Amino acid sequence: MPVTPHIEKHFTATATVRDIVIGMADGLTVPFALAAGLSGAVASSGLVVTAGLAEIAAGSIAMGLGGYLVAKTDLEHYASERLRELRETQHIPEREAEEVSEIFRGYGLRDEQIAPLIETLQANPTQWVDFMMRFELGLEEPDPTRARISAWTIALSYVVGGLIPLLPYMVFSDIHTALWWSVAVTPVALFVFGYVKSGFTGVPPWRGGFQTVLVGGLAAAAAFGIARLLG
């Protein structure tokens, strides 16, 4: 009988999707709230567009720098923890060996089964440290290029998201018409964004789309209310 090969497919771009979500979610809600808030205070769509573009520029830079610093901090934290584990395996190997034993006992292994595993790890200090980083501290080695990629991903996602609610103000000269089109377009964009994002993360697309509309809509409504209140 022919045997069908077992192929497992796992989604591995979680960090990238997270960055896109962060950038797009903020980009769709913050410029929308700003533009909607200004719609009641100014009479020109051009002023809203100018203010919106300025906010998108500032927001994308700030969000991108934030993503860069977070990724850079993760890399530095991993490096410092790895150095500490390396020193501990060199200076207090007995204590580290006992920590390895505790980890394996948590998986149901007996001491006579654990002993050869510890000997194997001790024979290769690099793998021993890798094991401790992964199973004791729960840390995966970050991609050295992650900080730069994260910054650009978040910043560009913010720009794309921010231009969507601002586009009606670029098309319509009447500010009230532009406002209603922006109100109509933004939830649709949120739904499409949530629908597509769910396809990558394994969440049912329709549920993901409606959840994104709900969360993004609440955030936009809150920001819009504050903007109008202050205006």
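Select Val48 to begin: at 1% relative accessibility, this residue counts as buried. Val48 is found in helix H2, and the coordinates on display belong to a predicted model. Add Ile175 to the selection; 127 residues separate the pair in sequence, while their C-alpha atoms are 8.6 Å apart in space.

**The largest nonpolar core**

Val48 and Ile175 both belong to the largest nonpolar core, so the selection may now be extended to the whole set, because buried nonpolar residues joined through side-chain atoms within 4.5 Å make up such a core. The core has 11 residues in all: Ala35, Ala36, Val48, Val49, Ile56, Tyr158, Leu166, Tyr169, Ile175, Ala178 and Leu179. Colour the chain by helix to see the origin of these residues: two or more come from each of helix H1 (14–39), H2, helix H6 (146–171) and helix H7 (175–201).

Centre next on Ala35. Once neighbours within four places in sequence are set aside, Ala35 is in contact with Val48, Leu166 and Tyr169. A second core, separate from this one, has 10 residues, and Ile103, Ile118, Leu121 and Trp128 are among them. The tour returns to that region below.

**Glu55 and its partner**

Stay on helix H2 (residues 45–91) and select Glu55, which lies within that helix. Is Glu55 buried or exposed? Glu55 is buried, because its relative accessible area is 18% and the cut-off is under 20%. Which side chain meets that of Glu55 in a polar contact of 2.7 Å? The partner is Tyr158, a residue that also appears in the largest nonpolar core. Display the surroundings as well: not counting residues up to four places away in sequence, Glu55 touches Val30, Pro31, Leu34 and Tyr158.

**Helix H3**

Now select helix H3, residues 93–105. Its 13 residues reach 18 Å from the first C-alpha to the last, close to the 18 Å expected at 1.5 Å a residue. Show the side chains of Glu96, Ala97, Val100, Ser101, Ile103 and Phe104, which are buried. Turn the view to look down the axis of H3: the buried residues fall within an arc of 160°, so they line one face of the helix. In an α-helix there are 3.6 residues a turn, so residues three or four places apart point the same way.

What do the buried residues of H3 pack against? Their neighbours are H2, H4 and H5. Rotate to the face turned away from the buried side, and the exposed residues Glu94 and Arg95 come into view. Ile103, one of the buried residues of H3, is also included in the second core.

**Helix H5**

Move on to helix H5 (residues 125–136), where 12 residues span 15 Å from first C-alpha to last, close to the 16 Å expected at 1.5 Å a residue. Its buried residues are Trp128, Val129, Phe131, Met132 and Met133. Among the elements that cover these residues are H2, helix H3 (93–105) and helix H4 (111–122). Trp128 also belongs to the second core. Beyond the helix, select Gly138, which follows H5 and has a positive phi, near 70°.

**Two partly exposed positions**

Select Val21, whose place is in helix H1. Val21 is partly exposed, with a relative accessible area of 24%. Where does the chain come back to this residue? The C-alpha of Gly194, 173 residues away along the chain, is separated from that of Val21 by 8.8 Å. Leaving aside neighbours within four places in sequence, Val21 is in contact with Phe193 and Lys197.

Then select Ile149 in helix H6. Ile149 is also partly exposed, with a relative accessible area of 36%. Show Gly67 as well: it is 82 residues from Ile149 along the chain, with 9.1 Å between the two C-alpha atoms.

**The whole chain**

Finally, zoom out to the full protein chain. How many helices and strands does the chain have? There are eight helices and zero strands, giving the pattern α-α-α-α-α-α-α-α along the sequence. Colour by burial: of the 231 residues, 33% count as buried. Among contacts with a separation of 6 or more, residues 24 or more positions apart account for 73%. With the surface switched on, the chain exposes about 13900 Å², and carbon and sulfur atoms supply 67% of this area.

Definitions and conventions: Residues are numbered from 1 along each chain as its sequence is written. This is a predicted model: local features need pLDDT of at least 70, side-chain atom pairs count only at pLDDT 80 or more; totals for chains, interfaces and linings use all residues. Side-chain values use heavy atoms; hydrogens and water are left out. Helices (H or I, at least four residues) and strands (E, at least two) are DSSP runs, numbered from the N terminus. Buried means under 20% relative accessible area, exposed over 50%, partly exposed in between (1.4 Å probe, protein chains only). A polar contact is a pair of N or O atoms within 3.5 Å; within protein, one must be able to donate a hydrogen and the other to accept it, and residues adjacent in sequence count only if both atoms are side-chain atoms. Contact means heavy atoms within 4.5 Å. The expected span of a helix is 1.5 Å times one less than its number of residues. The arc is that of the directions from the helix axis to the C-beta atoms. Accessible areas come from the Shrake-Rupley method with a 1.4 Å probe; for residues, only the protein chains shown count as cover.
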